[in-house]
Amino acid sequence: KPSDVATVLRNGIWIHACLDSLHKKGDYIEVLDALCAWAIEHGIEDEKIEEHRKKAETIMLGYTGFWRNDGKWKVLATEEHLEAEIGGIVLTCTLDMRIMHPQYGHMIVEHKSTGEIPSPAWRTVDPQTAIQLWISSRQDFPEGPVNGALFNYLLTKEPAVPQVKNNGEFYANAYDRTTTTAAFERGRDKVLAIKNGQILGPEFDAYIEDARGKMVSDARFYQRFPIIKPDAVIKNTLLDVAMIVGHIRSCERTGHWPCQCSMLEMRRMCAYGKLCVQESQLGKPSHLREEEYVIDDGEREADQAVARYLTPFEEGEGDE
């Protein structure tokens with residue numbers, strides 16, 4: 001149920017919706033308002049809604065500030081649904097963005113809000129974008145073939161605000177933590193509050209700028225990696241898909257779906273863990289299906305929020 005969706009997952013949903021609106025319309029505040037209204041309607045706690053909104057706003061403010069003067073790409077499409085058939089199976093995907101980049105050419109963009117940014121080498125074997133690139137290769141785009149994928153990372157780790165001693169100087173360990181410009185300015189404000197009324201000259205300005213240079217690295221929180229997928233990666237990913245499709249068809253044929261019993265994942269990482277355990281014991285569908293879950297209608301949370309609270313007003317139908 002919406003009220004049980006993990007905080008990390010919803011943060012990602014909201015940030016993705018903001019990015020889509022930003023790159024499509026140049027703004028994201030209205031979408032954020034719609035997401036909050038949707039959350040209220042679906043029984044999300046007020047404290048959680050405020051937490052999600054604050055997180056999304058903080059990350060988006062940093063993102064727009066960091067990339068403000070970057071005009072390197074031209075957005076061709078956002079949230080673009082594509083499909084292609086292979087071996088009687090229709091594979092589908094929704095691209096976060098498709099762009100024309102002056103250096104890399106025609107690329108797909110995958111937005112990633114994450115607590116840790118992996119190396120580009122790790123993303124080379126990412127199966128999601130491998131499938132996206134294969135499906136894209138079957139399209140007749142006016143811009144020609146897609147060259148690769150560009151990962152657009154937004155680090156969700158909260159940037160540290162430099163701590164200040166009673167004498168108005170930064171603690172030594174503040175220099176060990178990379179932070180953003182916005183978070184550093186909050187630390188600087190603490191310094192100014194402590195030194196209120198004192199005459200601050202060039203030495204103080206030099207001290208602040210030296211600290212800023214050592215602590216601040218906005219690029220650490222917002223990174224973009226272009227990835228050119230080797231043909232072997234795409235081929236092996238499609239072979240994986242074929243094996244999984246074979247497994248699904250076997251389950252459909254026999255009427256039995258094996259339970260993947262990893263207790264660590266089921267208890268800590270899987271929203272269906274409790275349901276899976278009970279149905280394995282009962283050997284039949286559990287009452288938990290109706291009590292703790294809702295049937296997925298295929299429409300994502302952000303799409304529902306936009307359709308209900310934003311689209312009517314954009315079309316001039318919500319004046320009443």
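Guide: Buried here means under 20% relative accessible area, exposed means over 50%, and partly exposed is what falls in between. Keep that handy as we go round this model, which is a predicted one.

Visitor: Okay, what makes Cys36 count as buried or exposed?

Guide: Cys36 has 10% relative accessibility. The cut-off for buried is under 20%, so Cys36 counts as buried.

Visitor: And how do you class Cys276?

Guide: Cys276 comes out at 27% relative accessibility. That value sits between the 20% and 50% limits, so Cys276 is partly exposed.

Visitor: Why does Cys36 have no bond to the closest cysteine sulfur?

Guide: The closest cysteine sulfur belongs to Cys18, and it is 9.1 Å from the sulfur of Cys36. A disulfide needs the two sulfurs within 2.5 Å, so this pair is too far apart for a bond.

Visitor: How many disulfides does a search of the whole structure find?

Guide: The search comes back with 0 disulfides.

Visitor: Let's go to the strands. Where does Glu110 lie, and what makes it buried or exposed?

Guide: Glu110 is in strand S3, residues 105-114. Its relative accessibility is 5%; with buried set at under 20%, Glu110 counts as buried. S3 itself is mostly covered, with 8 of its 10 residues buried.

Visitor: What does the side chain of Glu110 make a polar contact with?

Guide: The partner is the side chain of Gln128, at 3.4 Å. A polar contact takes N or O atoms within 3.5 Å, so 3.4 Å passes. Leaving aside neighbours within four places in sequence, Glu110 is also in contact with several residues, including Asp96, Leu150 and Phe151.

Visitor: How do you know which strands pair with S3?

Guide: Count the bridges; pairing takes at least two. S2 (residues 89-101) is joined to S3 by 5 bridges, and these two run antiparallel. S4 (residues 148-155) is joined to S3 by 8 bridges, and there the run is parallel. Both counts meet the minimum of two, so both strands pair with S3. To see it residue by residue, Arg98 has Ile108 in S3 as its bridge partner, while His111 has Asn152 in S4. A hairpin of 3 residues takes you from S2 to S3.

Visitor: What makes Phe151 and Tyr153 an aromatic pair, and of what kind?

Guide: Their ring centres are 6.0 Å apart, with 15° between the planes. Rings pair when their centres lie within 6.5 Å, and planes under 30 degrees apart count as stacked, so this is a stacked pair. Phe151 has a relative accessible area of 0% and is therefore buried; Tyr153, also with 0%, is buried for that reason too.

Visitor: How many aromatic pairs does the structure hold?

Guide: There are 8 aromatic pairs. Among them is Tyr63 with Tyr222, at 6.1 Å centre to centre and 65° between the planes. Edge-to-face asks for over 60 degrees, so 65° puts this pair in that class. The pair links distant parts of the chain: Tyr63 is in helix H3 (residues 46-66), Tyr222 is in strand S5 (residues 222-227), and the two are 159 residues apart. Both of these tyrosines are buried. Together with Phe66 and Trp67, Tyr63 and Tyr222 form one aromatic cluster.

Visitor: Now helix H12. Which of its residues are buried, and how do you know where they fall?

Guide: In H12 (residues 301-309), Glu301, Ala302, Gln304 and Ala305 are buried. Looking down the axis, the buried residues of H12 fall within an arc of 160°, so they line one face of the helix. An α-helix has 3.6 residues a turn, so residues three or four places apart point the same way. The cover over the buried residues of H12 includes helix H1 (7-25) and helix H2 (29-41).

Visitor: What is the phi of Glu79 near?

Guide: Phi is near 45° there, a positive value in a residue other than glycine. Glu79 is found in strand S1 (residues 74-86). With 25% relative accessibility, Glu79 counts as partly exposed, because that lies between the 20% and 50% limits.

Visitor: Last stop: where is the place of Arg177, and how is it classed?

Guide: Arg177 is in the loop between S4 and helix H6 (181-194). Its relative accessible area is 46%; exposed would take over 50%, so Arg177 is partly exposed. The C-alpha atoms of Arg177 and Val216 are separated by 8.7 Å, with their positions 39 residues apart along the chain. Beyond neighbours within four places in sequence, Arg177 is in contact with Ala160 and Met215.

Key. Residues numbered from 1 in each chain as written. Predicted model: local features only at pLDDT ≥ 70, side-chain atom pairs only at ≥ 80, totals over all residues. Heavy atoms only, no water. Helix = DSSP H or I, 4+ residues; strand = E, 2+ residues; numbered from the N terminus. Buried < 20%, exposed > 50% of the residue type's maximum accessible area, 1.4 Å probe, protein only. Polar contact = N/O pair within 3.5 Å; in protein donor to acceptor, adjacent residues only side chain to side chain. Contact = heavy atoms within 4.5 Å. Arc of directions from axis to C-beta.
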